[in-house]
There are 6 protein chains.
Amino acid sequence: MKIVTLGEIMLRLSPVDKQRFVQADGFDVVYGGGEANVAVSLANYGHDAYFVSKLPKHEIGQAAINSLRKLGVHTEYIVRGGERIGIYYLEHGASMRPSKVIYDRTDSAIALSKPEEYDWDAIFKDAKWFHFSGITPAISAQGAKITKAACIAAKKHGVTVSVDLNYRKKLWTPEQAQKVMRDLMQYVDVCIGNEEDAELTLGFKPGGDVTKGVLDHKGYERIFKEMQQTFGFKYVATTLRESHSASDNGWSALIYDGKSFYYSKSYDIRIVDRVGGGDAFSGGLIHGLLTKANPGEALEFAVAASALKHTIFGDYNLVDEKEVDTLAKGDASGRVQR
Amino acid sequence: MKIVTLGEIMLRLSPVDKQRFVQADGFDVVYGGGEANVAVSLANYGHDAYFVSKLPKHEIGQAAINSLRKLGVHTEYIVRGGERIGIYYLEHGASMRPSKVIYDRTDSAIALSKPEEYDWDAIFKDAKWFHFSGITPAISAQGAKITKAACIAAKKHGVTVSVDLNYRKKLWTPEQAQKVMRDLMQYVDVCIGNEEDAELTLGFKPGGDVTKGVLDHKGYERIFKEMQQTFGFKYVATTLRESHSASDNGWSALIYDGKSFYYSKSYDIRIVDRVGGGDAFSGGLIHGLLTKANPGEALEFAVAASALKHTIFGDYNLVDEKEVDTLAKGDASGRVQR
Amino acid sequence: MKIVTLGEIMLRLSPVDKQRFVQADGFDVVYGGGEANVAVSLANYGHDAYFVSKLPKHEIGQAAINSLRKLGVHTEYIVRGGERIGIYYLEHGASMRPSKVIYDRTDSAIALSKPEEYDWDAIFKDAKWFHFSGITPAISAQGAKITKAACIAAKKHGVTVSVDLNYRKKLWTPEQAQKVMRDLMQYVDVCIGNEEDAELTLGFKPGGDVTKGVLDHKGYERIFKEMQQTFGFKYVATTLRESHSASDNGWSALIYDGKSFYYSKSYDIRIVDRVGGGDAFSGGLIHGLLTKANPGEALEFAVAASALKHTIFGDYNLVDEKEVDTLAKGDASGRVQR
Amino acid sequence: MKIVTLGEIMLRLSPVDKQRFVQADGFDVVYGGGEANVAVSLANYGHDAYFVSKLPKHEIGQAAINSLRKLGVHTEYIVRGGERIGIYYLEHGASMRPSKVIYDRTDSAIALSKPEEYDWDAIFKDAKWFHFSGITPAISAQGAKITKAACIAAKKHGVTVSVDLNYRKKLWTPEQAQKVMRDLMQYVDVCIGNEEDAELTLGFKPGGDVTKGVLDHKGYERIFKEMQQTFGFKYVATTLRESHSASDNGWSALIYDGKSFYYSKSYDIRIVDRVGGGDAFSGGLIHGLLTKANPGEALEFAVAASALKHTIFGDYNLVDEKEVDTLAKGDASGRVQR
Amino acid sequence: MKIVTLGEIMLRLSPVDKQRFVQADGFDVVYGGGEANVAVSLANYGHDAYFVSKLPKHEIGQAAINSLRKLGVHTEYIVRGGERIGIYYLEHGASMRPSKVIYDRTDSAIALSKPEEYDWDAIFKDAKWFHFSGITPAISAQGAKITKAACIAAKKHGVTVSVDLNYRKKLWTPEQAQKVMRDLMQYVDVCIGNEEDAELTLGFKPGGDVTKGVLDHKGYERIFKEMQQTFGFKYVATTLRESHSASDNGWSALIYDGKSFYYSKSYDIRIVDRVGGGDAFSGGLIHGLLTKANPGEALEFAVAASALKHTIFGDYNLVDEKEVDTLAKGDASGRVQR
Amino acid sequence: MKIVTLGEIMLRLSPVDKQRFVQADGFDVVYGGGEANVAVSLANYGHDAYFVSKLPKHEIGQAAINSLRKLGVHTEYIVRGGERIGIYYLEHGASMRPSKVIYDRTDSAIALSKPEEYDWDAIFKDAKWFHFSGITPAISAQGAKITKAACIAAKKHGVTVSVDLNYRKKLWTPEQAQKVMRDLMQYVDVCIGNEEDAELTLGFKPGGDVTKGVLDHKGYERIFKEMQQTFGFKYVATTLRESHSASDNGWSALIYDGKSFYYSKSYDIRIVDRVGGGDAFSGGLIHGLLTKANPGEALEFAVAASALKHTIFGDYNLVDEKEVDTLAKGDASGRVQR
């Protein structure tokens, strides 16, 4: 099934052996970004996943593409050109020491690209689903224009559209975010985002205090109803993270189909690499909604998929459907598979 | 004290930095195998441990031998020849993601070797103990013949015989296993195996459900009595693993001497490398039965030894007697030893 | 341009940091094999390169596929199944210490596969070129059948066929080789092989003594004429290696078009990794013959490409057309490209 | 603010990848030592930290100095000369397997140095604080003389003096320790040490049993009162470690100002590297007493700082004031900081 | 002796194990830049070297500073602020495969900084020498302004000024370069640059063809005379590189004092890392002109220093004066120093 | 054949990736020492090689023993006890940058051991050959006593004795050396040493200048005759190293049997690790004299063996007899052995 995602893929640099930045004389090199991560998940589940972006012609840009090709993601719609690939530096946390991210993504190739550089009709021909996130419209004015152009083209081709709201405070203010994102919601069928995202990108006032690891189910239900009523979403979903420490998290999720609220089972995770956990949820949810019997099963698939992501190094969720199903169906014993 | 173990030693290839197989561009290289692992434990406790096997003459075969010599295991009874060393690929799990093993051991040197290639009389001259596992008779028809030849020779020389039942579903069916293994039990004095092994290799019906991490003590006691009565074992023992996840296990053990059931204390383990945990138990139990005051102390030694194995990279249990005794006697505080 | 290669791709295991086998507790992991290497070269030059083989469904088989997908080689004709992937262990030499290869490839998935498992018509539809080597027919009787089936299908579809004779003494005898290979030559348009290959696989008596690093141009010319007359090849070509040591080689090449002999310029190479040098030559020659003005230019491209291969870790030649052209046109100064 | 610490800095060699000593064919290299570690903490908090020691002129001695300069510690009072730098080998423990330290520090440059090699007046000119530990007087008779000379000079310049009692049983007996240390206490304003230290270096009889992980608050309060009354300390403080295993510790602290006992909050730590935890506490406490509003806040800063140390590889505590304050003020959620 | 250098320090990312960019899943991390490299050389020779630049406040900026502090370079004049540190990706070449550099330095902190952010009077107070290169004025219009401000301040304080012309074609055109650089030459006492630099930044027409590795001594002498006459330089100097390959270079140098031409001895170098070779020459020449008996000896020191640089990983030349003198005086035998 | 060597085995610490000492944050760990290296060579050639020494009981001492056991050297005569293992730090040179060694071996276990700790009669029972070097008597007065005790016992048991003179200027003066070594020569049958050794340890005046890489054959012949006449050696031999750089050496050897001088062929070596080259020569020469037809063949074996050592990481020469013979007989082409 042809599924399209659009966004920025970055070079991720993290100190080897989980050192602090100031200790590092070596960086582990992976590539990733919210929408690229979703594309990888979908390719791993057997879909024809297409990632749309722009990357420089140099070898680092090529390496980013190769990281996707290696996993079966289609890269022919990636425009080549521009000067630089966005970078983020990642320091892995441990126990009560949090992970740190330093972004260096200004003026990346995609941030300076224009909607007319992309062949939207070719991209969305025969596509079934389009996924984007709140990051792409935030990276630049051009990013917002590209995202809107993609949404319009997707709708023209009858494609289902999902969004991960993903507010990034380093990229824009809530005012800027809401102005752009509320407009884009008209194209969206499935909206994914937590309380914080809902507040900062769409203007819905949350309860709870995420820094305390306290989850406010009632608050979520109220907000999700409001979101559904305001924008007519078919589904609203979120992950529910309980941050006990940088090493241990609780992890579950919630979906609302306009009628009922489904809560998934909850996982206690020993974290290997939590970056991309939310994207693994989005990828799992898209696959679940496309192939599973009901929203509850889709949600269980998505939360199991994203729990597994936390045990895998890098941004990409390197699990196949069978592995996710095994966990979703209840075997979390970790016994050796011979 | 001369102790003999017989079996296959394999090249183990595991992705560096605990990556998934598809991420790996480097493998950590160790050598190991159930009975070789037992030999290493016994050499570490001060015994003259002899490992019997067959390995190709090439450098990879030599490296396997060197891994044993390095730790003081005697290797002069290892026959050299044949084409290949068995391989297993190991992916380390984490949290709810299980470890995975891919075997590539068909037609290894030992699997194609014949009983007459081994000088059984020299091997068992002056020996006190012989240990084998259910893996060797499973690897090939020749493997079964070699194992039987070794058992017969051991008994001829008055050697105590122990077995770790160790059922491997990739190597044979329960029917095949029971045909071979029930016959071999006539030579066995000490039988080690969990419920699953007892059922699949010997035909005793267990209770409990190991995938649920639920331990069924009553079921074990019933089966162990049946096993003891059927085959006349002097001791029947098993480890009791509670698989909470790939990162955390509960670990204890049980021994039956035909009269009483002894349960060891239980350990909560943060797992570094769980492969070889059962072999470390066998090695510890043999040493315990040979040197400790009673089956209960022997069992405590064995379970402490095997708990420590889970904290050590590789198949081999690199601990000495004093370290095991310290833990068995109660100091699990992990305080720095300066 | 659609170009097809057929053969075995293997897991290559080489001690890290250029250690000897007996020192290694880590292996660098790459994948490669003569025809896969050629496919990578062709993909790097912009062709639609398709690699045909059979690989197990497990993760190691998948990793081999991913190594090709990453570089843009099409993998949809690779059949999945069988038990094992072939392995070769590689010890890098240095100075007067030669590199060593230990093969463990018996009964690999492709060696046990049958011609009817492959959809030859789909594979060669619209193809322009087919390349195979003398290794595939040598790995097993099935391998010989598959190769012949491919040649017949290629010819049916009007595809140009090239072969790299590549005699492997561990796989068959000269008698066996000549029986199979002489028959296959009827399908071949372009034949690549050195004196040793010509003698052992086709029965042409060479001069010179390759262990002495002495090149016998006259002997080559005589043999190439005989080969051309016997089998009607359009081109006969070979690399000319002068093995000064495991660290330093001289490197040039020769092509014969039935009329003239073209000798390339010669390179003095500091070797990083010489495995795949011959395959890089084949890949470069195919591209050269397809796109360059004459056989001499094609040859210069091929020899420059393969000289560069010796400076790159792994089996694959990771260079693009522009880099090869720059060297072929004379800039070997190694000045930093900023 | 100029702060001086005096002591030995050692080369620390620990097996890579947390292997056991007998597995190691590589050591991670860091430099550290109680008082050097304190100096690094203080430099990280913005002070002008000066470390005083003696090191050989060779490159390993230089590397030790460079490790300090890199982090902004002033090294101009380090005397150069002597034959060797002290070494300690560190094996990281895991779960119930304890960490191990092997010392090889006899006859190091500082242990053989004499008080008159140091320019005490220059060292303490304009200094505000002087910190030493019970290790330096223990390494040799010269070490004791140097320490006393430093204390006398510090007092002459009106500098506040703190000590970390830090008993090392490999270096001296309790009798030797008490003879030297009780004399030095006359110069001390702030005394840091746990029950064991208090007993072995100063002769105060503790309660509790640290190997059991049981903390005896009443016992501590009694001893601290006695210590304060005997030596007139302005503050007496200690960390309170609960050793659950080599992987998990509870961590809190206590300070007594002659009037009240302040207990800090307690942290559950997943340990990355526990060496230097006590030194990070000393460094944090000095900074806290110099800059925070009251002993309780100083203590919370110190215990948060030292809790963070356990999550950082090496001896040095690589955290800045803001990171410590964030944790001390309550956010231990480990959420990613973007 | 206080010596000041001004310029950009960058994060350098190079694939580990000398892989190609597209192979890398790890980067070695070092920091460097022309003028920072010169400062390190001077600190290693015992001078008080001050590096002036601007770097972001984040940890990557701090790590750059730490790399200098570690080696004794004074960093207190480095302004902190701005968004990003410049980056360059470096692929190490081998044999006939050239090294490649990809720059990502646009809009770095220093490129956007203004002259008034620097306290020029403090910087040049008591300074003896100021060194800059043609890179800093090329990075941005601000860079040119800063460089000019520094030159003016240096001259006001009576400081000797040296320049390394260092033309970078990715940063500006010859027209732009000449406009800026010819103006700056009025402040310069010592000018370092090869033919290419002299032509592109100052407009002097060279002979020879550097890509051919042919050195044109007569051409150099003519140009150097013209340069000296035009700008009144006290010394004009250049390195003379013969690029045999990326692995092997010939290396010597030339200096002109307005009267005589001095040619150094020539070295055949096996290259470990050639980046920073020219900077090591500048650092050696400054030290040589300040401390050696005559320009010829200064030149021999500079060329020996820079030859050694080629054998050292990273941008910085980690050699002390004694090591350079030993080589300059003739012992290039490489015998082990015990 | 039982062959005994006596001496110190040390922990060798060398910066990973051939960095300079001040760059290293990791050390490669191997064990080695002149006589241990000889024992490894002899075990590799199939002899029963026994290494005699003293090592601490701790894990680092055990690791040294394991490094020998791994390669088949008998270690049962190694006395356990004492405080420390000797250490040497090794920085690998490159091109004109020499390798550096820093010793830290004072007061090692063997240096403080006494002759009566060793059971000389057991050690030399049935032995055929005893080898020692000039290092052991140099490490301490005890070392000299042990060496003499061993020589006396060897002679009592009719064992052939060889020495490698191996002068170490950091350990003693020529006067001290000559006093001890001239006395020991009465027990020696085979003397190995270059001009420098002959002068400094035995007092024979050499010609030539080794720092210039000039070999003075006539001078050697004169000295060797004098040595033979003075001490009655059966053979006098030396390697002839031409130090072109730290990367490239010429390598040959010379032996004198009291009648004729035999010069070996010469090798041009690209050096991987030159430490232990001389020991590999001694090991090869002992094997050659015991098994080859004449001194010339013995010498060719020894020089080929030691040439190969330069291509192998670590102190030990990891080659077998067949590999050495292949090279000695003339194939230095380095062609891949498949």
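This is a short tour of a predicted model, stop by stop, with a selection to make at each one.

**Stop 1: chains A and B**

Start with these two chains and superpose them. A rotation of 120° with 0.0 Å of shift along its axis lays chain B on chain A, with an RMSD of 0.0 Å. The two copies are thus related as by a three-fold rotation axis. Want a residue to mark that axis? Pick B:Asp17, which comes closest to it of the residues of chain B, at 4.9 Å for the C-alpha.

**Stop 2: the sheet of chains A and E**

Now show chains A and E as cartoons. Which strands make up the open sheet here, and in what order? Walk across it and you pass 8 strands: E8(A), E7(A), E2(A), E3(A), E3(E), E2(E), E7(E) and E8(E), with mixed pairing. At the edges stand strand E8 (100-104) of chain A and strand E8 (100-104) of chain E; each has a single partner strand, so one side of each is left without a neighbour in the sheet. Neighbouring strands are turned by 30° against each other on average, if you ignore direction.

Zoom in on E2 (residues 10-15) and E3 (residues 26-32) of chain A, an antiparallel pair held over 6 bridges. For a landmark, select A:Leu13, which sits opposite A:Val29 in E3(A). Then add helix H2 (residues 59-69) of chain A, which packs on the sheet. This helix touches E2 and E3 of its chain A, along with strand E7 (87-91) and E8 of chain E, and its direction makes about 60° with that of E3(A).

**Stop 3: where chain F meets chain D**

Hide the rest and bring up chains D and F. Here 22 residues of chain F are in contact with 22 residues of chain D. On the chain F side, strand E3 (26-32), helix H2 (59-69) and strand E8 (100-104) each supply at least two residues. H2(F) gives the largest share, 5 residues. Colour that side of chain F by residue class and you get 11 nonpolar, 5 polar and 6 charged.

Next, pick out strand E3 (residues 26-32) of chain D: this strand and E3(F) pair in the antiparallel sense over 3 bridges. D:Gly26 and F:Asp28 in E3(F) stand opposite each other.

**Stop 4: inside chain D**

Finish with strand E4 (residues 48-52) of chain D. Is E4(D) mostly covered or mostly open? Mostly covered: 4 of its 5 residues are buried. Add strand E1 (residues 2-6) of chain D, which runs parallel to E4(D) and is joined to it by 5 bridges. Select D:Thr5, and opposite you will find D:Phe51 in E4(D).

Notes. Residues are numbered from 1 along each chain as its sequence is written. Chains are lettered from A and ligands numbered from 1 in the order in which they are written. This is a predicted model: local features need pLDDT of at least 70, side-chain atom pairs count only at pLDDT 80 or more; totals for chains, interfaces and linings use all residues. Two residues are in contact if their C-beta atoms, placed from the backbone, lie within 7 Å. Ala, Val, Leu, Ile, Met, Phe, Trp, Tyr, Cys and Pro count as nonpolar, Asp, Glu, Lys and Arg as charged, and the others, Gly among them, as polar. Two strands pair if DSSP finds at least two bridges between them. Axes are lines fitted to C-alpha atoms, for helices over the stretch in contact, and angles run from 0 to 180 degrees between N-to-C directions. A residue is buried if 20 or more other C-beta atoms lie within 10 Å of its own, exposed if 12 or fewer, and partly exposed in between; C-beta atoms are placed from the backbone. Copies are superposed by least squares on the C-alpha atoms of residues with pLDDT of at least 70 in both.
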